[in-house]
Amino acid sequence: MIGYRVKSLREERKMSISELSTKSGVAKSYISSLERNLQTNPTILVLEKIAGILCIKVDALLNEQADKGMDEEWMEIMQDVMGSGISKEEMREFIKVRKCTVR
C-alpha cells in the first residue's frame, strides 16, 4: 500500500509528518490519512510532491523495489540541496555549468 510506503520512507529519513507536510506542501492531515490508508487514491501531483521531498521517484512509492538505486549519502545531499532554497532551475544551471567546465 502507498500509505505504508510513505510512512516507512518518511521514518527511514527521520522526518515527522509535520516536516514532510511543510516541505511538500501537502496537508498534514492528508499525509496522516494516507499513511493510515484512509486515503487510498492520491493524485500524481501529491505523489510527486511527497516523492520529491523523500528523494525518490514516484515509482518507489508504488513499488518497494524501485527506490533501491540511490544510496543514503546521495539522499542526504539532495535533502540538503532542497532545504537550502535553491530552485530546480538554479540547480540545473549549476549542473550545466559544471559539466561545461569539467570537460
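Here are some short exercises on this structure, each with a worked solution.

You're looking at a predicted model, where local features need pLDDT of at least 70, side-chain atom pairs count only at pLDDT 80 or more, and totals for chains, interfaces and linings use all residues. Residues are numbered from 1 along each chain as its sequence is written, and side-chain values use heavy atoms, with hydrogens and water left out.

**Exercise 1. Work out how many helices and strands the chain has, and what share of the residues is buried.**

Step 1: Start with the rule: helices (H or I, at least four residues) and strands (E, at least two) are DSSP runs, numbered from the N terminus.
Step 2: Go along the chain and you get seven helices and zero strands. Written as a pattern, that's α-α-α-α-α-α-α.
Step 3: Now for burial, where buried means under 20% relative accessible area, exposed over 50%, and partly exposed in between (1.4 Å probe, protein chains only). Of the 103 residues in the chain, 30% are buried.
Step 4: For the overall dimensions, the C-alpha atoms fill a box of roughly 50 × 25 × 25 Å along the principal axes.

**Exercise 2. Find which elements build the largest nonpolar core, and look at what Ile50 touches.**

Step 1: A nonpolar core is a set of buried Ala, Val, Leu, Ile, Met, Phe, Trp, Tyr and Cys residues joined through side-chain atoms within 4.5 Å.
Step 2: The largest one has 18 residues, and Val6, Leu20, Ile50, Leu54, Ile56 and Leu61 have the most contacts inside it.
Step 3: Two or more residues each come from α1 (2-12), α3 (28-35), α4 (44-53) and α5 (58-62). The largest share is from α4, with five residues.
Step 4: Take Ile50 and skip its neighbours within four places in sequence. With contact meaning heavy atoms within 4.5 Å, Ile50 touches Val6, Leu20, Ser24, Val26, Ile31, Leu34 and Leu61.

**Exercise 3. Describe the surroundings of Ser24: is it buried or exposed, and which backbone atoms does its side chain reach?**

Step 1: Ser24 sits in helix α2.
Step 2: Its relative accessible area is 9%, so Ser24 is buried.
Step 3: The Ser24 side chain reaches the backbone oxygen of Leu20 at 2.7 Å. A polar atom of that same side chain lies 3.2 Å from the backbone nitrogen of Val26.
Step 4: Leaving aside neighbours within four places in sequence, Ser24 also contacts Ile31, Lys49, Ile50 and Ile53.

**Exercise 4. Compare Asn37 and Cys55: where do they lie, and what is the sign of phi?**

Step 1: Asn37 is in the loop between α3 and α4, while Cys55 is in the loop between α4 and α5.
Step 2: Asn37 isn't a glycine, yet its phi is positive, about 60°. Cys55 isn't a glycine either, and has a positive phi of about 60°.
Step 3: Check burial: Asn37 is buried at 17% relative accessible area, and Cys55 is buried at 9%.

**Exercise 5. Say which helix gives the most to the lining of the largest pocket, and sort the lining by class.**

Step 1: The lining has 18 residues, with Gly52, Met78, Met82, Ile86 and Lys88 nearest the pocket's centre. On a 1 Å grid over the protein atoms alone, a pocket is an open set of points where a 1.4 Å probe fits, with protein on both sides within 12 Å along at least five of seven lines; lining residues have an atom within 4 Å of a point.
Step 2: Two or more lining residues each come from α2 (17-24), α4, α6 (72-83) and α7 (88-102). The most come from α6, with five residues.
Step 3: By class, the lining has eight nonpolar, five polar and five charged residues. Here Ala, Val, Leu, Ile, Met, Phe, Trp, Tyr, Cys and Pro count as nonpolar, Asp, Glu, Lys and Arg as charged, and the others, Gly among them, as polar.

How values were computed:
A polar contact is a pair of N or O atoms within 3.5 Å; within protein, one must be able to donate a hydrogen and the other to accept it, and residues adjacent in sequence count only if both atoms are side-chain atoms.
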